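The following exercises are to be worked with the sequence and the coordinates at hand. Each task is followed by a solution in steps.

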Amino acid sequence: MNSPKEAITISSIINWNYDIKGYGSIKGNNLDTKIAIPEELGGSGEGSDPKQILVSSAASCYIMTLVSIIETRKLPVIELTMSSEMSILEDNTLNIIHYPRIVLSDQKSDEVYQSADRALIIADKGCAIGNLLKKTDVNINIKGEITYIED
């Protein structure tokens with residue numbers, strides 16, 4: 001008989017200084033960042049806002065999942081970078097696009113290229129934060145690029 005999974009608890013402490021023009025901080029196990037209300041909403045803008053933290057959370061989950069897949073597949077990746085952006089559509093739907101860029105060694109192979117391409121897709125399906133966001137109708141798209149060192 002399977003035992004029930006234990007819940008994972010992640011905690012953070014948030015402190016706020018002053019009023020709407022102030023700033024705060026979020027601290028957790030390995031997190032320490034300033035937060036603030038954006039200037040366009042009357043705040044100081046002297047820290048990350050919730051939308052920046054949301055897209056950063058989705059991006060970090062995706063790239064960590066991708067790294068795990070790359071390691072498992074033993075792909076000859078020599079560089080992995082990514083940018084992400086979030087937009088709010090007219091119907092208030094959130095749209096996140098990740099732009100991962102994988103640079104492979106100069107040993108070109110269709111098999112390696114295809115494996116890296118599949119890794120981009122599998123990482124999207126395996127990212128827990130992305131999957132939670134998709135359940136709330138957030139659109140997440142992956143626009144990856146795979147190149148070789150000599151390209």
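**Exercise 1. Classify Tyr18 by its accessibility, then describe its position and backbone.**

Solution. The model is a predicted one.
Step 1. The relative accessibility of Tyr18 is 69%, so Tyr18 counts as exposed, since the class begins over 50%.
Step 2. In the chain, Tyr18 belongs to the loop that joins β1 (12-17) and β2 (23-28).
Step 3. Its phi is near 75 degrees, a positive value in a residue other than glycine. Most residues other than glycine have a negative phi.

**Exercise 2. Describe helix α1 from its N-terminal cap to the residue that follows.**

Solution.
Step 1. Begin with the cap: Asp49 places a side-chain oxygen 2.8 Å from the backbone nitrogen of Lys51, at the N-terminal end of α1.
Step 2. Compare the span with expectation. Helix α1 covers residues 50-73, which is 24 residues, and its first and last C-alpha atoms are 35 Å apart. The value expected at 1.5 Å a residue is 34 Å, and the span is close to it.
Step 3. Pass to the residue after the helix. α1 is followed by Lys74, with a positive phi near 55 degrees. Lys74 sits in the loop between α1 and β4, and its relative accessible area of 71% makes Lys74 exposed.

**Exercise 3. Which residues of α1 are buried, and against which elements do they pack?**

Solution.
Step 1. List the buried residues: Val55, Ala58, Ala59, Cys61, Tyr62, Thr65, Leu66, Ile69 and Ile70.
Step 2. Identify their partners. These buried residues pack against the strands β4 (77-88), β5 (94-104) and β6 (139-142), and against the helices α2 and α3 (128-135).
Step 3. Take Thr65 of helix α1 as an example. Its relative accessibility is 17%, and therefore Thr65 counts as buried, the limit being under 20%. Beyond four places in sequence, Thr65 touches Ala123, Gly126 and Cys127.
Step 4. View the packing from α2 (residues 110-126), the helix in which Asp124 lies. Asp124 is buried, at 15% relative accessible area. With neighbours within four places in sequence set aside, the contacts of Asp124 are Tyr62, Asn131, Lys134, Ile140 and Ile142. Tyr62 is itself one of the buried residues of α1.

**Exercise 4. Assign Gly43 and Leu89 to their loops and to their accessibility classes.**

Solution.
Step 1. Gly43 is located in the loop between β3 (32-35) and α1. At 3% relative accessibility, Gly43 counts as buried.
Step 2. Residues up to four places away being left out, Gly43 touches Ile20, Lys21, Ile37 and Pro38. Its C-alpha atom is 47 Å from that of Gln114, a residue 71 positions away along the chain.
Step 3. Leu89 is in the loop between β4 and β5. Its relative accessibility is 36%, so Leu89 counts as partly exposed.
Step 4. Outside the same sequence window of four places, Leu89 touches Asn95 and Asn139.

**Exercise 5. How many residues in the lining of the largest pocket are nonpolar, polar and charged?**

Solution.
Step 1. State the volume: the largest pocket holds about 400 Å³ of space.
Step 2. Collect the lining, which consists of Ile10, Ser11, Ser12, Ile26, Gly28, Asn29, Asn30, Leu31, Thr33, Ile53 and Ile129.
Step 3. Sort these residues by class, with Gly placed among the polar ones. The result is 5 nonpolar, 6 polar and no charged residues.

Notes
Residues are numbered from 1 along each chain as its sequence is written. This is a predicted model: local features need pLDDT of at least 70, side-chain atom pairs count only at pLDDT 80 or more; totals for chains, interfaces and linings use all residues. Side-chain values use heavy atoms; hydrogens and water are left out. On a 1 Å grid over the protein atoms alone, a cavity is a set of points where a 1.4 Å probe fits but cannot get out, and a pocket is an open set with protein on both sides within 12 Å along at least five of seven lines; lining residues have an atom within 4 Å of a point. Grid points are joined across faces, edges and corners, and a volume is the space filled by probe spheres set on the points. Helices (H or I, at least four residues) and strands (E, at least two) are DSSP runs, numbered from the N terminus. Buried means under 20% relative accessible area, exposed over 50%, partly exposed in between (1.4 Å probe, protein chains only). Contact means heavy atoms within 4.5 Å. The expected span of a helix is 1.5 Å times one less than its number of residues. A polar contact is a pair of N or O atoms within 3.5 Å; within protein, one must be able to donate a hydrogen and the other to accept it, and residues adjacent in sequence count only if both atoms are side-chain atoms.
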